[in-house]
Amino acid sequence: IMAQGIFSNFFQHGYVTNDIEQAKAVFAEKCGIKSFFELEHSLPLAVPGGVEQAEIKVALAFVGNLQVELIEPLGAPGDALWREPLPSSDFAVALHHFGFMIPGPRSAWSEFRETIGNRDYPIVIEGDFDPAKFVYVDLRDSLGHYCEYLWMQDDLHAHVPRY
């Protein structure tokens, strides 16, 4: 997929916050997003040097074809990537990453995965929760943000509200 461009199949703005309830209220007021599909994840993440447990709250909604993702890290070691841009006390919402879908069968994910994890496209976290896989590539030095690449065996977005 890197040969096709790192921005292929863009679908998501990913935000981090230290208060997901307050962030949802901001998005309702500013963007008209009145409801989200919400879940709480506890999952192991591959990070440079090993595996760390992450604990996060996630809220998802679509505005047209754009998915808005809100993530609140809950303080586990694997949450550091999402906590990093947030202040320690005051409420904040910060643009964190852009999300890109890897279409096709599982082999498409394997082919894509072989093109990253190098000096130009360093992986900072990687997760695998059947039937989906995701990876964050650190492009902050060159582009100012992370890129998340996601592959899903099934449409996990069927329950996400659409506006």
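The residues lining the largest pocket split into 18 nonpolar, four polar and two charged. The model behind these values is a predicted one, and the pocket is a handy place to start looking around it.

The largest pocket holds about 370 Å³ of space. Its lining is made up of 24 residues, and those sitting closest to the pocket centre are Leu39, His41, Leu60, Glu69 and Phe129. Several strands chip in: β2 (37-47), β3 (50-63), β4 (66-73), β7 (132-139) and β8 (145-152) are the elements that each supply two or more lining residues. Among the contributors, β2 gives the most, with five residues.

Past the strands of the lining comes His159, found in the segment after β8. His159 counts as exposed because its relative accessibility is 62%, and the cut-off for that label is over 50%. Along the chain, His159 is 121 residues away from Glu38, yet in space the two are 9.8 Å apart, going from C-alpha to C-alpha.

The surface has a feature of its own to look at. Val26, Phe91 and Val93 together make a nonpolar patch there, with an area of about 180 Å². Of these, Val93 belongs to strand β5, which covers residues 93-101. Val93 has a relative accessibility of 30%, so this residue counts as partly exposed, a label that lies between buried, under 20%, and exposed, over 50%.

Definitions and conventions. Residues are numbered from 1 along each chain as its sequence is written. This is a predicted model: local features need pLDDT of at least 70, side-chain atom pairs count only at pLDDT 80 or more; totals for chains, interfaces and linings use all residues. Side-chain values use heavy atoms; hydrogens and water are left out. On a 1 Å grid over the protein atoms alone, a cavity is a set of points where a 1.4 Å probe fits but cannot get out, and a pocket is an open set with protein on both sides within 12 Å along at least five of seven lines; lining residues have an atom within 4 Å of a point. Grid points are joined across faces, edges and corners, and a volume is the space filled by probe spheres set on the points. Helices (H or I, at least four residues) and strands (E, at least two) are DSSP runs, numbered from the N terminus. Ala, Val, Leu, Ile, Met, Phe, Trp, Tyr, Cys and Pro count as nonpolar, Asp, Glu, Lys and Arg as charged, and the others, Gly among them, as polar. Buried means under 20% relative accessible area, exposed over 50%, partly exposed in between (1.4 Å probe, protein chains only). Patches are made of residues with over 30% relative accessible area and no salt bridge: like charges are joined within 9 Å, nonpolar side chains (Val, Leu, Ile, Met, Phe, Trp, Tyr) within 5 Å. Accessible areas come from the Shrake-Rupley method with a 1.4 Å probe; for residues, only the protein chains shown count as cover. A salt bridge is a side-chain nitrogen of Lys or Arg within 4 Å of a carboxyl oxygen of Asp or Glu.
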